[in-house]
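Hi everyone, thanks for coming. I'd like to walk you through a structure that is probably new to most of you. Here it is on the screen.

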Amino acid sequence: MMTDSEAAIRERLRCHDQDHLLRFWPRLSEDERRGLIAQIESIDFPLMDRLIDGWVLHKSLPKPFDRIETVPLITRAQCNGPEGQEATEAGEEALRSGRVGLFLVAGGQGTRLGFPGPKGAYPIGPVSQRPLFAFHAEKIHNLQGRYGCRLPWYIMLSETNEAETRAFFDANGYFGLQQADVRFCRQRMVPCVTPEGRFMLDDPGHIAMNPNGHGGSIPAMVECGILDDARERGVDTLSYFQVDNWAARVADPLFIGFHVSRHAEMSSKSQRRNDPNEAVGVHCLCDGEYRVIEYTEFETYPQMCKTADSGEIVYPAGNPAIHIVAVDFVKRVYDRYEEFPWHLAFKKIPYVDDQGDLVTPAHENGYKFETFIFDALRFVNHPPVVLEIERPGEYTPIKVYDGTNSVLRAWDVMAEYWARWFEAAGCRVPRDGNGKVSVRIEVSPQFARSEEEFLRKTRGWSWPTGGDLAIDPNGGWIASRK
């Protein structure tokens, strides 16, 4: 016999043509039944009906744009001139005044890195093996010491890694930060669906679901009390970044200064694309509206891959997923979140067959829905604020262990980037016959976030010879291999 609540759940599923989810009900334990009911109750059925009808069953295509233009950039020349100096001063004042907080997206697992845990726990330090979370925490220590401020750190997790991540922070003493200044929130999950629009099970008592993408930051900030906490602290500006970019210059005073001085609601950084087919989104003005065209949509917008006769990429402004958002803007977008665009991805999704056995498909078999934070840019009420950056020291994401956007590539970039600091300070950095750095190099961001700071702190130092070069948060040498 089913209880009244179970009967109501069955009726709700029947109304939305999803009652197949209960086909294994008789064999489920009480705990499994409660878990399945909790999943069902968390589903926004009107939203899913709209997504399934529009994207899966009827394959609605986005309206083509009549005109796509390159987005205007705040250039490196501007950043290095008087305008940049004024912006830096404005950003530093915002930091000193306690107006700035940090928002980190860290809902992923390290599966593609071959790592059994949250991606943020990956030991990215080439010498110290410090995890990504520690690298970002050390940047916060540096900023707090320099500007005498408290920077609240808000971290968005997913159902798949929340427990592990919380335990990791506990085990590491919150990396020396005040626990009250570190707050976690969980993003929503959405069901995976078959090409027929039916929800999938990955266990007889569990619906196959995926996180709702980094655009899920918007509802997570509101529904988990992040905005309330920020306002109570006097924070009106949030520095947004993603955990897999070890180099992200979080709470960058220059970037913050341009944002606040132009009274922006949301601002972005942009790096020049390496090639026209690079797997990175592109900042554009589409029929006059600020958009980012994601690389997965290049088939729909093939002009994103065009080059001019000179060989220059026509649309060069890549999106490194580094933004600043105003607290009030987040709430405004949340109030219109039903208008927020969703994106569809056809994926290999494990599922259970009619016998309840798990099947790992060899080919794409289902759809995942997700949102992207950059789609909030279309809601801004001001001209685009896009800051041009160089990749070294700002953007080196790690998606896999080897290859493009890999751990090994990041270590090479770190070595070349930091080698310039050591050499400018008078240290001889070992290089091979091709001029490539032949040792591993690491500088804690807590010790120095810039070459200028590094040179100031190391003035008068004598340097070791041989072995890897590494400086810990307090300016001490980490034991290196000779």
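Let's start with His259, which you'll find in helix H10. Keep in mind that this is a predicted model. Is His259 buried or exposed? Its relative accessibility is 2%, and buried means under 20%, so His259 counts as buried. And what is His259 in contact with, if we leave aside its neighbours within four places in sequence? The list is Thr237, Ala264, Glu265, Met266, Ser267, Ile324 and Ala326.

Helix H10 spans 253–261, and it brings us to a pocket, since H10 supplies at least two residues of the lining of the second largest pocket. That pocket has a volume of about 820 Å³. Its lining has 28 residues, and the closest to the pocket centre are Arg249, Asp252, Leu254, Ser450 and Glu452. Which other elements supply at least two lining residues each? They are helix H4 (76–80), helix H5 (82–96), helix H6 (132–147), strand S19 (386–389), helix H12 (407–424) and helix H13 (451–458). As for the classes, the lining has 11 charged residues, 10 nonpolar ones and seven polar ones.

Now let's stay with helix H13 for a moment. Glu453, Phe454 and Thr458 in H13 are buried. Why do these three sit on the same side of H13? Around the axis they cover an arc of only 115°, which puts them on the same side of the helix. As a reminder, an α-helix has 3.6 residues a turn, so residues three or four places apart point the same way. What covers the buried residues of H13 includes two helices we have just met at the pocket, H6 and H12. Strand S20 (441–443) and strand S21 (469–471) are also among the covering elements. After H13 comes Gly460, which has a positive phi, near 85°.

Let's zoom out to the whole protein chain. Its secondary structure comes to 13 helices and 21 strands. The radius of gyration is 24 Å, close to the 23 Å that the globule rule gives for 482 residues, so the chain is as compact as a globular protein of that length. Along the principal axes, the C-alpha atoms fill a box of roughly 80 × 50 × 50 Å. Buried residues, such as His259, make up 55% of the 482 residues. Finally, take the contacts with a separation of 6 or more: residues 24 or more positions apart account for 73% of them.

That's my tour, and thanks for listening!

Terms used. Residues numbered from 1 in each chain as written. Predicted model: local features only at pLDDT ≥ 70, side-chain atom pairs only at ≥ 80, totals over all residues. Heavy atoms only, no water. 1 Å grid on protein atoms, 1.4 Å probe; cavity = no way out; pocket = protein on both sides within 12 Å on 5 of 7 lines; lining within 4 Å. Points joined across faces, edges and corners; volume = space filled by probe spheres on them. Helix = DSSP H or I, 4+ residues; strand = E, 2+ residues; numbered from the N terminus. Nonpolar A, V, L, I, M, F, W, Y, C, P; charged D, E, K, R; others polar. Buried < 20%, exposed > 50% of the residue type's maximum accessible area, 1.4 Å probe, protein only. Arc of directions from axis to C-beta. Contact = heavy atoms within 4.5 Å. Rg over C-alpha atoms; globule rule 2.2 N^0.38 Å.
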